[in-house]
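Biologist: I've got a protein model open on my screen and I'm not sure where to start. Can we go through it together, one question at a time?

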Amino acid sequence: SNTVGQVTTGLMVRPPVEGDESYPLYKKEKSDILDSLKRRASKLTKSLNQLEGIECTESEGALYAFPTIKLSSKAIAAAKDLGMEADAFYCTELLEKTGLVTVPGSGFKQVEGTYHFRITILPPEETLDAVFKGMETFHNEFMAKYA
């Protein structure tokens, strides 16, 4: 068995409690991590909602967001020509142009005629502005190309 994994899991399910020597540090680190995740989720939602054709609700408790994207008939046709779902085409183009990995909503049995993608909030907080700038540039170019 994986002893390190077992010890880590044990610590995770039985964290330090008030009165333990390590509790103040545990409480601070946990709070710092959760606060950072909340800031990242909020920043991600705000950034995505500023992009043409994208709507996103803020992630609550998940490490990802699942925005809706409205794609033009030209983008949908280009995807079909390649034998792809339109959201998979968008995600593939995004990956190729920026290195940003997203997951197409078509892999999640989305409602016919709607398009989504899943994106995580896990990049380090100090890199988010650059990540979003790259995504914004890609998105605007993609939307203009397939207008």
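Modeller: Sure. One term first: a cavity is a set of grid points where a 1.4 Å probe fits but cannot get out, and its lining residues have an atom within 4 Å of a point. Keep in mind that this is a predicted model.

Biologist: Let's use that term, then. Which helix gives the largest share of the lining of the largest cavity?

Modeller: The structure holds one cavity of 30 Å³ or more, with about 40 Å³ of space in it. Its lining is made up of Leu44, Leu100, Ile119, Thr120, Ile121, Pro123, Leu128, Val131 and Phe132. S5 and H5 each bring at least two of the lining residues. The largest share, three residues, belongs to H5.

Biologist: Now the helices. Does H1 lie largely in the open or largely buried?

Modeller: Helix H1 covers residues 3-13, and Asn2 caps its N-terminal end. In that cap, a side-chain oxygen of Asn2 lies 3.2 Å from the backbone nitrogen of Val4. Of the 11 residues in H1, the number buried is one, so H1 lies largely in the open.

Biologist: And H2: how far apart are its end C-alpha atoms, and what span should we expect?

Modeller: Helix H2 takes in residues 23-49, which makes 27 residues. At 1.5 Å a residue, H2 should span 39 Å. The end C-alpha atoms of H2 agree with that, being apart by 39 Å.

Biologist: Which strands are among the things that cover the buried residues of H2?

Modeller: Start with what needs covering: the buried residues of H2 are Tyr23, Ser36, Leu37, Arg40, Ala41, Leu44, Thr45 and Leu48. Their cover includes helix H5 (128-145). It also includes the strands S1, S2 and S5.

Biologist: On to the sheet. Which strands are at its edges?

Modeller: It's an open sheet of three strands in the order S2-S5-S4, with antiparallel pairing. S5 pairs with S4 over two bridges, and S2 and S5 also pair over two bridges. An edge strand pairs on one side only, and that describes S2 and S4.

Biologist: Which residues of S5 are on its covered face?

Modeller: In a regular strand the side chains alternate between the two faces of the sheet. On the uncovered face of S5 we find Arg118 and Thr120; Arg118 stands opposite Val103. Ile119, the bridge partner of Ala65, belongs to the other face. The covered face of S5 holds Phe117 and Ile119.

Biologist: One last residue: is Ser59 buried or exposed?

Modeller: Ser59 sits in the loop between S1 and S2. Its side chain reaches the backbone oxygen of Ala62 at 3.0 Å, and a polar atom of that side chain lies 2.9 Å from the backbone oxygen of Tyr64. Leaving aside neighbours within four places in sequence, Ser59 is in contact with Ala41, Thr45 and Tyr64. The cut-off for buried is under 20% relative accessible area, and Ser59 has 13% relative accessibility, so Ser59 counts as buried.

Notes. Residues numbered from 1 in each chain as written. Predicted model: local features only at pLDDT ≥ 70, side-chain atom pairs only at ≥ 80, totals over all residues. Heavy atoms only, no water. Buried < 20%, exposed > 50% of the residue type's maximum accessible area, 1.4 Å probe, protein only. Helix = DSSP H or I, 4+ residues; strand = E, 2+ residues; numbered from the N terminus. Polar contact = N/O pair within 3.5 Å; in protein donor to acceptor, adjacent residues only side chain to side chain. Expected span 1.5 Å × (residues − 1). Contact = heavy atoms within 4.5 Å. Pairing = 2+ DSSP bridges. 1 Å grid on protein atoms, 1.4 Å probe; cavity = no way out; pocket = protein on both sides within 12 Å on 5 of 7 lines; lining within 4 Å. Points joined across faces, edges and corners; volume = space filled by probe spheres on them.
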